[in-house]
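Subject: Handing over the structure

Hi,

Here is the structure I promised to pass on to you. Have a look at it first, and then read on for what was found in it.

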Amino acid sequence: METFKVGNELILDIMDINSDGMGVGKCEGFTFFIDGGTIGDKVKIRITEMKKRFGIGKAIEIIEKSRYRIESKCKFFPKCDGCQLHNLDYKKQLEFKRDMVKNNLERIGKITDVEIDDTLGMDYPYRYRNKAEFKVGKGSNIGYFKRETHDLIPIDKCIIQNEIVDGILHIIRDYMKGYKVQAYDSRTKKGIIKNILIRTTKDSKVMVVIVTKGDNLPHKEELVKLLIGMKEAIVVSIYQNINEKDTSLTLGSRDIKLYGEDKIIDYIGEYKFLISPKSFFQVNSVQTEVLYNKVLEYLDLKGDETLVDLYCGIGTIALYISKYAKKIYGVEVVKEAIEDAKENLKLNNVDNIEFIQGKSEDILPKLNEKGIKIDAIIVDPPRKGLDKTLIDSIIKANPQKIVYVSCNPSTLARDLACIKEEGYGIEKVQPVDMFGMTVHVECVILMTYCGLEK
Ligand SMILES: C[S@@+](CC[C@H](N)C(=O)[O-])C[C@H]1O[C@@H](n2cnc3c(N)ncnc32)[C@H](O)[C@@H]1O
(Lines give C-alpha, C1' and ligand atoms only; values in the text may rest on other atoms or scores of the structure.)
Protein backbone atom coordinates (compact mmCIF):
# COMPACT_ATOMS: atom_id res chain seq x y z
CA MET A 1 0.00 0.00 0.00
CA GLU A 2 3.04 2.25 0.53
CA THR A 3 3.41 2.63 -3.25
CA PHE A 4 -0.18 3.72 -3.79
CA LYS A 5 0.24 7.47 -3.76
CA VAL A 6 -1.02 10.09 -6.19
CA GLY A 7 1.60 10.57 -8.92
CA ASN A 8 3.07 7.04 -8.57
CA GLU A 9 3.24 4.75 -11.56
CA LEU A 10 2.06 1.11 -11.62
CA ILE A 11 1.71 -1.64 -14.18
CA LEU A 12 -1.71 -3.33 -14.33
CA ASP A 13 -3.78 -5.68 -16.45
CA ILE A 14 -7.18 -4.28 -17.43
CA MET A 15 -9.65 -7.05 -16.61
CA ASP A 16 -12.96 -5.28 -17.06
CA ILE A 17 -14.66 -1.98 -17.88
CA ASN A 18 -17.10 -0.38 -15.46
CA SER A 19 -20.43 1.27 -16.25
CA ASP A 20 -18.69 4.66 -16.65
CA GLY A 21 -16.35 3.24 -19.30
CA MET A 22 -13.29 3.16 -16.99
CA GLY A 23 -10.91 0.19 -17.17
CA VAL A 24 -10.76 -1.94 -14.01
CA GLY A 25 -7.50 -3.48 -12.81
CA LYS A 26 -5.97 -4.71 -9.58
CA CYS A 27 -2.58 -4.30 -7.96
CA GLU A 28 -1.84 -6.37 -4.83
CA GLY A 29 -5.59 -7.00 -4.58
CA PHE A 30 -6.39 -3.26 -4.57
CA THR A 31 -8.77 -2.02 -7.28
CA PHE A 32 -7.93 0.79 -9.68
CA PHE A 33 -10.24 2.51 -12.16
CA ILE A 34 -8.28 3.53 -15.20
CA ASP A 35 -8.88 6.19 -17.80
CA GLY A 36 -7.62 4.71 -21.10
CA GLY A 37 -6.88 1.18 -22.27
CA THR A 38 -9.28 -1.66 -22.94
CA ILE A 39 -10.02 -5.18 -21.67
CA GLY A 40 -6.89 -7.35 -21.98
CA ASP A 41 -4.36 -4.47 -22.19
CA LYS A 42 -1.34 -4.40 -19.87
CA VAL A 43 -0.88 -0.70 -19.08
CA LYS A 44 1.36 1.60 -17.14
CA ILE A 45 -0.82 3.99 -15.14
CA ARG A 46 -0.18 7.12 -13.15
CA ILE A 47 -2.31 7.34 -9.99
CA THR A 48 -4.44 10.49 -10.07
CA GLU A 49 -6.59 9.97 -6.97
CA MET A 50 -6.59 7.64 -3.97
CA LYS A 51 -9.74 6.72 -2.05
CA LYS A 52 -10.09 4.37 0.90
CA ARG A 53 -11.29 1.38 -1.15
CA PHE A 54 -10.03 2.11 -4.65
CA GLY A 55 -7.66 4.25 -6.67
CA ILE A 56 -8.07 6.16 -9.92
CA GLY A 57 -5.37 6.37 -12.56
CA LYS A 58 -4.62 7.37 -16.12
CA ALA A 59 -3.07 4.96 -18.60
CA ILE A 60 0.18 6.58 -19.75
CA GLU A 61 1.58 3.68 -21.77
CA ILE A 62 0.24 0.47 -23.25
CA ILE A 63 2.87 -2.13 -22.34
CA GLU A 64 1.10 -5.04 -24.09
CA LYS A 65 -1.81 -4.59 -26.50
CA SER A 66 -4.91 -6.69 -25.82
CA ARG A 67 -5.78 -9.29 -28.46
CA TYR A 68 -9.29 -7.82 -28.39
CA ARG A 69 -8.05 -4.34 -29.29
CA ILE A 70 -9.20 -2.92 -32.64
CA GLU A 71 -8.62 0.35 -34.47
CA SER A 72 -11.38 2.83 -33.58
CA LYS A 73 -13.53 3.83 -36.57
CA CYS A 74 -14.50 7.03 -34.75
CA LYS A 75 -12.04 9.92 -34.88
CA PHE A 76 -13.51 11.46 -31.70
CA PHE A 77 -12.90 8.37 -29.57
CA PRO A 78 -11.92 8.30 -26.69
CA LYS A 79 -12.36 12.04 -26.03
CA CYS A 80 -16.09 12.05 -26.75
CA ASP A 81 -18.44 11.11 -23.91
CA GLY A 82 -20.82 9.20 -26.21
CA CYS A 83 -19.06 5.83 -26.67
CA GLN A 84 -16.59 3.86 -24.60
CA LEU A 85 -15.81 0.71 -26.59
CA HIS A 86 -14.74 1.75 -30.11
CA ASN A 87 -11.36 0.06 -29.57
CA LEU A 88 -12.81 -3.29 -28.41
CA ASP A 89 -13.62 -6.11 -30.83
CA TYR A 90 -17.44 -6.35 -31.23
CA LYS A 91 -17.59 -10.04 -30.28
CA LYS A 92 -15.74 -9.19 -27.06
CA GLN A 93 -18.17 -6.29 -26.47
CA LEU A 94 -21.04 -8.80 -26.52
CA GLU A 95 -19.22 -11.08 -24.07
CA PHE A 96 -18.43 -8.09 -21.85
CA LYS A 97 -22.14 -7.14 -21.77
CA ARG A 98 -23.20 -10.65 -20.80
CA ASP A 99 -20.57 -10.65 -18.02
CA MET A 100 -21.77 -7.24 -16.86
CA VAL A 101 -25.33 -8.58 -16.43
CA LYS A 102 -24.00 -11.70 -14.66
CA ASN A 103 -21.79 -9.69 -12.28
CA ASN A 104 -24.63 -7.33 -11.37
CA LEU A 105 -27.05 -10.19 -10.70
CA GLU A 106 -24.46 -11.92 -8.51
CA ARG A 107 -23.10 -8.86 -6.67
CA ILE A 108 -26.26 -6.83 -6.14
CA GLY A 109 -29.06 -9.41 -6.39
CA LYS A 110 -27.11 -12.38 -4.92
CA ILE A 111 -28.55 -14.31 -7.87
CA THR A 112 -26.07 -17.06 -8.76
CA ASP A 113 -28.24 -19.97 -9.88
CA VAL A 114 -29.35 -18.69 -13.26
CA GLU A 115 -28.06 -19.26 -16.78
CA ILE A 116 -27.44 -16.05 -18.76
CA ASP A 117 -27.69 -16.39 -22.53
CA ASP A 118 -25.12 -14.94 -24.91
CA THR A 119 -25.84 -11.34 -25.88
CA LEU A 120 -27.85 -11.02 -29.09
CA GLY A 121 -25.72 -8.66 -31.19
CA MET A 122 -26.20 -6.58 -34.30
CA ASP A 123 -25.12 -7.53 -37.82
CA TYR A 124 -23.48 -4.12 -38.21
CA PRO A 125 -22.86 -2.26 -34.93
CA TYR A 126 -22.55 1.22 -36.48
CA ARG A 127 -25.07 3.73 -37.88
CA TYR A 128 -27.80 2.10 -35.77
CA ARG A 129 -29.26 5.00 -33.78
CA ASN A 130 -32.50 6.71 -34.81
CA LYS A 131 -32.23 9.59 -32.34
CA ALA A 132 -29.38 12.07 -31.90
CA GLU A 133 -29.09 14.75 -29.22
CA PHE A 134 -26.36 17.35 -29.63
CA LYS A 135 -25.22 20.28 -27.54
CA VAL A 136 -24.53 23.59 -29.21
CA GLY A 137 -21.64 25.81 -28.09
CA LYS A 138 -19.41 28.75 -28.91
CA GLY A 139 -18.49 29.40 -32.55
CA SER A 140 -21.48 27.49 -34.03
CA ASN A 141 -20.04 24.29 -32.69
CA ILE A 142 -22.39 21.32 -32.47
CA GLY A 143 -21.26 18.19 -30.71
CA TYR A 144 -21.03 16.07 -27.60
CA PHE A 145 -19.36 16.73 -24.28
CA LYS A 146 -15.77 15.70 -23.72
CA ARG A 147 -15.64 12.82 -21.25
CA GLU A 148 -16.39 13.94 -17.68
CA THR A 149 -16.50 17.63 -18.61
CA HIS A 150 -18.91 20.16 -20.05
CA ASP A 151 -16.42 21.10 -22.79
CA LEU A 152 -17.90 20.59 -26.22
CA ILE A 153 -16.23 18.45 -28.88
CA PRO A 154 -17.43 19.68 -32.29
CA ILE A 155 -18.70 16.67 -34.25
CA ASP A 156 -19.09 16.51 -38.03
CA LYS A 157 -19.68 12.75 -38.25
CA CYS A 158 -21.10 10.38 -35.67
CA ILE A 159 -20.75 6.80 -36.85
CA ILE A 160 -23.37 5.32 -34.54
CA GLN A 161 -26.00 7.71 -35.94
CA ASN A 162 -27.82 7.46 -39.25
CA GLU A 163 -25.63 9.06 -41.97
CA ILE A 164 -28.35 11.64 -42.59
CA VAL A 165 -27.48 13.22 -39.25
CA ASP A 166 -24.00 14.24 -40.47
CA GLY A 167 -25.60 16.24 -43.32
CA ILE A 168 -28.10 17.94 -41.02
CA LEU A 169 -25.36 19.04 -38.63
CA HIS A 170 -23.53 20.57 -41.58
CA ILE A 171 -26.61 22.57 -42.63
CA ILE A 172 -27.36 23.85 -39.11
CA ARG A 173 -23.73 24.85 -38.60
CA ASP A 174 -23.71 26.77 -41.92
CA TYR A 175 -27.01 28.47 -41.04
CA MET A 176 -25.65 29.56 -37.63
CA LYS A 177 -22.45 30.91 -39.18
CA GLY A 178 -24.19 32.51 -42.17
CA TYR A 179 -26.88 34.30 -40.17
CA LYS A 180 -24.71 34.86 -37.08
CA VAL A 181 -27.10 32.96 -34.83
CA GLN A 182 -25.27 32.46 -31.55
CA ALA A 183 -25.20 29.40 -29.32
CA TYR A 184 -26.69 29.95 -25.88
CA ASP A 185 -24.06 30.35 -23.15
CA SER A 186 -25.33 29.35 -19.69
CA ARG A 187 -22.58 31.36 -17.98
CA THR A 188 -23.37 34.72 -19.62
CA LYS A 189 -27.07 33.81 -20.17
CA LYS A 190 -26.70 35.16 -23.70
CA GLY A 191 -27.23 33.51 -27.08
CA ILE A 192 -30.00 31.51 -28.71
CA ILE A 193 -29.55 27.84 -29.63
CA LYS A 194 -28.95 25.27 -26.87
CA ASN A 195 -29.44 21.79 -28.32
CA ILE A 196 -30.38 19.92 -31.48
CA LEU A 197 -32.49 16.76 -31.53
CA ILE A 198 -32.75 14.69 -34.71
CA ARG A 199 -34.96 11.64 -35.20
CA THR A 200 -34.58 9.45 -38.28
CA THR A 201 -36.75 6.58 -39.46
CA LYS A 202 -36.06 3.30 -41.25
CA ASP A 203 -37.29 4.86 -44.50
CA SER A 204 -35.01 7.94 -44.15
CA LYS A 205 -37.64 10.44 -42.95
CA VAL A 206 -36.37 13.04 -40.50
CA MET A 207 -37.64 15.20 -37.64
CA VAL A 208 -35.40 18.09 -36.54
CA VAL A 209 -35.92 19.93 -33.25
CA ILE A 210 -33.97 23.15 -32.64
CA VAL A 211 -33.92 23.84 -28.91
CA THR A 212 -33.65 27.50 -27.96
CA LYS A 213 -33.43 29.41 -24.68
CA GLY A 214 -36.31 31.76 -25.58
CA ASP A 215 -38.83 32.30 -28.37
CA ASN A 216 -36.37 34.13 -30.63
CA LEU A 217 -34.96 32.08 -33.52
CA PRO A 218 -33.72 34.49 -36.21
CA HIS A 219 -34.11 33.55 -39.90
CA LYS A 220 -36.04 30.41 -39.06
CA GLU A 221 -37.70 30.44 -42.52
CA GLU A 222 -34.24 30.20 -44.12
CA LEU A 223 -33.28 27.34 -41.81
CA VAL A 224 -36.47 25.48 -42.76
CA LYS A 225 -35.73 26.04 -46.48
CA LEU A 226 -32.21 24.71 -46.09
CA LEU A 227 -33.35 21.60 -44.23
CA ILE A 228 -36.21 20.67 -46.52
CA GLY A 229 -33.96 21.29 -49.53
CA MET A 230 -31.59 18.47 -48.47
CA LYS A 231 -31.04 15.86 -51.18
CA GLU A 232 -29.91 13.00 -48.92
CA ALA A 233 -33.00 12.99 -46.67
CA ILE A 234 -36.68 13.79 -46.48
CA VAL A 235 -37.13 16.24 -43.63
CA VAL A 236 -40.82 15.85 -42.82
CA SER A 237 -41.07 17.71 -39.52
CA ILE A 238 -39.23 20.68 -37.98
CA TYR A 239 -39.85 22.05 -34.50
CA GLN A 240 -38.48 24.79 -32.32
CA ASN A 241 -38.53 23.72 -28.70
CA ILE A 242 -38.14 26.29 -25.95
CA ASN A 243 -36.11 25.20 -22.95
CA GLU A 244 -35.84 28.11 -20.51
CA LYS A 245 -34.23 26.11 -17.71
CA ASP A 246 -30.47 25.55 -17.52
CA THR A 247 -30.55 21.83 -16.77
CA SER A 248 -29.04 18.81 -18.50
CA LEU A 249 -32.42 17.94 -20.07
CA THR A 250 -32.40 18.41 -23.84
CA LEU A 251 -36.01 19.50 -24.31
CA GLY A 252 -38.09 22.14 -22.57
CA SER A 253 -41.84 22.12 -22.16
CA ARG A 254 -42.92 24.28 -25.15
CA ASP A 255 -42.90 23.29 -28.84
CA ILE A 256 -43.49 25.50 -31.88
CA LYS A 257 -43.94 23.61 -35.12
CA LEU A 258 -41.95 25.31 -37.89
CA TYR A 259 -42.70 22.93 -40.73
CA GLY A 260 -44.47 19.75 -41.83
CA GLU A 261 -45.92 16.86 -39.89
CA ASP A 262 -46.72 16.92 -36.15
CA LYS A 263 -45.13 13.48 -35.75
CA ILE A 264 -42.94 11.11 -37.70
CA ILE A 265 -43.79 7.49 -38.42
CA ASP A 266 -41.42 4.56 -37.90
CA TYR A 267 -41.94 0.81 -38.12
CA ILE A 268 -41.31 -2.17 -35.88
CA GLY A 269 -42.19 -5.38 -37.66
CA GLU A 270 -45.57 -4.93 -39.32
CA TYR A 271 -46.60 -2.07 -36.98
CA LYS A 272 -46.42 1.69 -37.61
CA PHE A 273 -45.73 4.15 -34.82
CA LEU A 274 -46.36 7.88 -34.66
CA ILE A 275 -43.61 9.56 -32.64
CA SER A 276 -43.71 13.07 -31.11
CA PRO A 277 -40.56 15.03 -30.25
CA LYS A 278 -40.87 14.11 -26.54
CA SER A 279 -42.00 10.49 -26.77
CA PHE A 280 -39.74 7.59 -25.90
CA PHE A 281 -38.94 5.32 -28.83
CA GLN A 282 -36.24 2.65 -28.65
CA VAL A 283 -33.13 4.15 -30.28
CA ASN A 284 -32.18 1.06 -32.27
CA SER A 285 -35.13 0.08 -34.47
CA VAL A 286 -33.54 -3.09 -35.85
CA GLN A 287 -32.61 -4.53 -32.45
CA THR A 288 -35.96 -3.47 -31.01
CA GLU A 289 -37.53 -6.20 -33.11
CA VAL A 290 -35.04 -8.72 -31.69
CA LEU A 291 -35.88 -7.50 -28.16
CA TYR A 292 -39.65 -7.62 -28.66
CA ASN A 293 -39.47 -11.07 -30.27
CA LYS A 294 -37.79 -12.27 -27.07
CA VAL A 295 -40.59 -10.71 -25.00
CA LEU A 296 -43.10 -12.55 -27.18
CA GLU A 297 -41.20 -15.83 -26.95
CA TYR A 298 -41.01 -15.58 -23.14
CA LEU A 299 -44.73 -14.76 -22.84
CA ASP A 300 -45.62 -17.82 -24.96
CA LEU A 301 -49.18 -16.55 -25.41
CA LYS A 302 -52.13 -18.78 -26.28
CA GLY A 303 -54.52 -15.97 -27.19
CA ASP A 304 -56.79 -15.90 -24.13
CA GLU A 305 -54.51 -13.96 -21.78
CA THR A 306 -54.94 -10.56 -20.15
CA LEU A 307 -51.68 -8.62 -19.90
CA VAL A 308 -50.42 -5.34 -18.48
CA ASP A 309 -47.61 -3.44 -20.24
CA LEU A 310 -46.20 -1.06 -17.60
CA TYR A 311 -44.02 1.89 -18.74
CA CYS A 312 -45.48 1.39 -22.23
CA GLY A 313 -44.19 4.58 -23.92
CA ILE A 314 -46.06 5.02 -27.21
CA GLY A 315 -47.43 1.48 -26.92
CA THR A 316 -44.79 -0.34 -28.93
CA ILE A 317 -44.58 -3.61 -26.96
CA ALA A 318 -48.34 -3.81 -26.40
CA LEU A 319 -49.04 -3.31 -30.11
CA TYR A 320 -46.29 -5.70 -31.20
CA ILE A 321 -47.78 -8.54 -29.13
CA SER A 322 -51.46 -7.52 -29.47
CA LYS A 323 -52.54 -10.18 -31.93
CA TYR A 324 -51.41 -12.97 -29.59
CA ALA A 325 -53.36 -11.80 -26.49
CA LYS A 326 -57.00 -11.26 -25.53
CA LYS A 327 -56.64 -7.92 -23.75
CA ILE A 328 -53.72 -5.62 -22.88
CA TYR A 329 -53.60 -2.60 -20.56
CA GLY A 330 -50.77 -0.16 -21.34
CA VAL A 331 -49.66 2.32 -18.66
CA GLU A 332 -47.42 5.36 -19.25
CA VAL A 333 -46.81 8.59 -17.34
CA VAL A 334 -46.03 10.99 -20.23
CA LYS A 335 -49.21 12.55 -21.63
CA GLU A 336 -47.87 13.01 -25.19
CA ALA A 337 -46.69 9.39 -25.28
CA ILE A 338 -50.09 8.03 -24.25
CA GLU A 339 -51.75 10.27 -26.88
CA ASP A 340 -49.36 8.78 -29.46
CA ALA A 341 -50.16 5.28 -28.16
CA LYS A 342 -53.90 5.86 -28.64
CA GLU A 343 -53.32 7.16 -32.19
CA ASN A 344 -51.07 4.17 -32.88
CA LEU A 345 -53.97 1.87 -31.99
CA LYS A 346 -56.10 3.45 -34.73
CA LEU A 347 -53.22 3.58 -37.19
CA ASN A 348 -52.73 -0.18 -36.83
CA ASN A 349 -56.44 -1.14 -36.54
CA VAL A 350 -55.93 -2.76 -33.15
CA ASP A 351 -58.80 -2.81 -30.65
CA ASN A 352 -57.76 -5.02 -27.73
CA ILE A 353 -55.50 -2.53 -25.92
CA GLU A 354 -56.53 0.11 -23.37
CA PHE A 355 -53.92 2.81 -22.79
CA ILE A 356 -54.04 4.58 -19.42
CA GLN A 357 -52.07 7.70 -18.52
CA GLY A 358 -50.50 7.73 -15.06
CA LYS A 359 -47.72 6.30 -12.97
CA SER A 360 -47.45 2.51 -13.03
CA GLU A 361 -47.34 2.53 -9.23
CA ASP A 362 -50.69 4.40 -9.11
CA ILE A 363 -52.51 2.60 -11.94
CA LEU A 364 -51.71 -1.06 -11.21
CA PRO A 365 -53.34 -0.92 -7.74
CA LYS A 366 -56.49 0.42 -9.46
CA LEU A 367 -56.52 -2.51 -11.90
CA ASN A 368 -56.04 -4.82 -8.91
CA GLU A 369 -58.97 -3.16 -7.08
CA LYS A 370 -61.20 -3.76 -10.11
CA GLY A 371 -60.49 -7.47 -9.70
CA ILE A 372 -59.00 -7.87 -13.19
CA LYS A 373 -57.25 -11.22 -13.45
CA ILE A 374 -53.82 -10.52 -14.95
CA ASP A 375 -51.97 -13.42 -16.56
CA ALA A 376 -48.70 -11.63 -17.28
CA ILE A 377 -47.09 -8.27 -16.57
CA ILE A 378 -44.41 -6.65 -18.73
CA VAL A 379 -42.29 -3.92 -17.15
CA ASP A 380 -39.85 -1.72 -19.08
CA PRO A 381 -38.84 1.03 -16.64
CA PRO A 382 -36.29 3.83 -17.06
CA ARG A 383 -32.77 3.33 -15.61
CA LYS A 384 -33.90 3.83 -12.00
CA GLY A 385 -35.91 0.60 -12.15
CA LEU A 386 -39.10 -0.23 -10.26
CA ASP A 387 -40.61 1.60 -7.34
CA LYS A 388 -40.95 -0.64 -4.23
CA THR A 389 -44.69 0.07 -4.03
CA LEU A 390 -45.04 -1.07 -7.64
CA ILE A 391 -43.31 -4.36 -6.84
CA ASP A 392 -45.85 -4.83 -4.02
CA SER A 393 -48.72 -4.26 -6.46
CA ILE A 394 -47.21 -6.65 -9.01
CA ILE A 395 -47.02 -9.33 -6.32
CA LYS A 396 -50.61 -8.56 -5.33
CA ALA A 397 -51.74 -8.96 -8.96
CA ASN A 398 -50.06 -12.38 -8.85
CA PRO A 399 -49.45 -12.85 -12.59
CA GLN A 400 -48.18 -16.24 -13.71
CA LYS A 401 -45.40 -14.48 -15.66
CA ILE A 402 -43.40 -11.30 -15.32
CA VAL A 403 -41.29 -10.17 -18.25
CA TYR A 404 -38.80 -7.49 -17.20
CA VAL A 405 -37.14 -5.40 -19.94
CA SER A 406 -34.26 -3.44 -18.46
CA CYS A 407 -31.62 -0.98 -19.63
CA ASN A 408 -29.75 -0.96 -16.31
CA PRO A 409 -28.33 -4.24 -14.92
CA SER A 410 -27.79 -2.84 -11.42
CA THR A 411 -31.39 -1.74 -10.73
CA LEU A 412 -32.54 -4.88 -12.55
CA ALA A 413 -30.55 -7.04 -10.10
CA ARG A 414 -32.02 -5.17 -7.11
CA ASP A 415 -35.59 -5.57 -8.39
CA LEU A 416 -35.23 -9.23 -9.40
CA ALA A 417 -33.95 -10.11 -5.93
CA CYS A 418 -37.01 -8.44 -4.44
CA ILE A 419 -39.50 -10.19 -6.77
CA LYS A 420 -37.72 -13.53 -6.33
CA GLU A 421 -38.29 -13.36 -2.57
CA GLU A 422 -42.03 -13.30 -3.27
CA GLY A 423 -42.08 -16.66 -5.00
CA TYR A 424 -41.04 -15.89 -8.58
CA GLY A 425 -38.30 -17.98 -10.20
CA ILE A 426 -35.92 -16.44 -12.74
CA GLU A 427 -36.27 -18.66 -15.80
CA LYS A 428 -34.43 -16.79 -18.54
CA VAL A 429 -32.00 -13.91 -18.84
CA GLN A 430 -31.31 -12.60 -22.32
CA PRO A 431 -28.99 -9.61 -22.89
CA VAL A 432 -29.62 -7.78 -26.18
CA ASP A 433 -27.20 -5.28 -27.67
CA MET A 434 -29.10 -2.13 -28.57
CA PHE A 435 -26.13 0.21 -28.00
CA GLY A 436 -23.01 -1.04 -29.82
CA MET A 437 -19.69 0.71 -28.98
CA THR A 438 -21.08 1.83 -25.63
CA VAL A 439 -21.10 0.15 -22.21
CA HIS A 440 -24.90 0.03 -22.17
CA VAL A 441 -26.89 -3.18 -22.43
CA GLU A 442 -30.56 -4.09 -22.63
CA CYS A 443 -31.85 -7.27 -21.04
CA VAL A 444 -35.08 -9.33 -21.10
CA ILE A 445 -35.93 -11.53 -18.13
CA LEU A 446 -38.64 -14.10 -17.68
CA MET A 447 -39.91 -14.79 -14.16
CA THR A 448 -42.66 -17.28 -13.41
CA TYR A 449 -44.63 -17.80 -10.25
CA CYS A 450 -43.66 -20.94 -8.44
CA GLY A 451 -45.04 -20.16 -4.97
CA LEU A 452 -43.49 -19.32 -1.66
CA GLU A 453 -41.56 -22.04 0.17
CA LYS A 454 -43.33 -22.97 3.37
C1 LIG B 1 -37.52 2.56 -21.17
S2 LIG B 1 -38.95 3.41 -21.69
C3 LIG B 1 -39.89 2.07 -22.34
C4 LIG B 1 -40.98 2.42 -23.31
C5 LIG B 1 -41.56 1.29 -24.12
N6 LIG B 1 -41.82 0.10 -23.35
C7 LIG B 1 -40.71 0.98 -25.34
O8 LIG B 1 -40.19 -0.15 -25.46
O9 LIG B 1 -40.54 1.87 -26.18
C10 LIG B 1 -39.67 3.80 -20.16
C11 LIG B 1 -40.97 4.58 -20.25
O12 LIG B 1 -41.49 4.70 -18.93
C13 LIG B 1 -42.09 5.98 -18.78
N14 LIG B 1 -42.19 6.20 -17.32
C15 LIG B 1 -41.26 6.70 -16.48
N16 LIG B 1 -41.68 6.62 -15.21
C17 LIG B 1 -42.93 6.07 -15.24
C18 LIG B 1 -43.87 5.69 -14.24
N19 LIG B 1 -43.63 5.90 -12.95
N20 LIG B 1 -45.01 5.10 -14.64
C21 LIG B 1 -45.28 4.88 -15.96
N22 LIG B 1 -44.42 5.23 -16.94
C23 LIG B 1 -43.25 5.79 -16.60
C24 LIG B 1 -41.21 6.88 -19.59
O25 LIG B 1 -41.89 8.06 -19.95
C26 LIG B 1 -40.87 5.99 -20.79
O27 LIG B 1 -41.80 6.16 -21.81
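Helix α2 (residues 163-178) and helix α3 (residues 220-228) have axes that come within 10 Å and cross at roughly 155 degrees. Axes here are lines fitted to C-alpha atoms, for helices over the stretch in contact, with angles from 0 to 180 degrees between N-to-C directions. Helices are DSSP runs of H or I with at least four residues, strands are E runs of at least two, and both are numbered from the N terminus. α2 and α3 are therefore roughly antiparallel (over 145 degrees; under 35 is roughly parallel, 65 to 115 roughly perpendicular, and the rest oblique).

A note on the source: this is a predicted model, where local features need pLDDT of at least 70, side-chain atom pairs count only at pLDDT 80 or more, and totals for chains, interfaces and linings use all residues. Residues are numbered from 1 along each chain as its sequence is written, and side-chain values use heavy atoms, leaving out hydrogens and water.

Back to the first pair: which residues of α2 and α3 meet? I168, I171, I172 and Y175 in α2 meet L223, L226 and L227 in α3, where contact means heavy atoms within 4.5 Å. The residues of this contact are seven nonpolar, no polar and no charged (nonpolar: Ala, Val, Leu, Ile, Met, Phe, Trp, Tyr, Cys and Pro; charged: Asp, Glu, Lys and Arg; polar: the others, Gly among them).

Next, α7 (residues 360-369) and α8 (residues 388-397) have axes that come within 9 Å and cross at roughly 20 degrees. That makes α7 roughly parallel to α8. On the α7 side, the contact is made by S360, E361, L364, P365 and N368, and on the α8 side by T389, L390, S393, I394, K396 and A397. By class, the residues of the contact of α7 with α8 are five nonpolar, four polar and two charged.

A third pair is α1 (residues 90-107) and α9 (residues 409-420), whose axes come within 8 Å and cross at roughly 40 degrees. α1 and α9 are therefore oblique to each other. In this contact, M100, V101, N104 and L105 of α1 meet P409, S410, L412, A413 and L416 of α9. Seven nonpolar, two polar and no charged residues make up the contact of α1 with α9.

Finally, β5 (54-64) and β3 (30-35) each supply at least two residues of the lining of the second largest pocket. The largest share of that lining, five residues, comes from β5.

Happy exploring!
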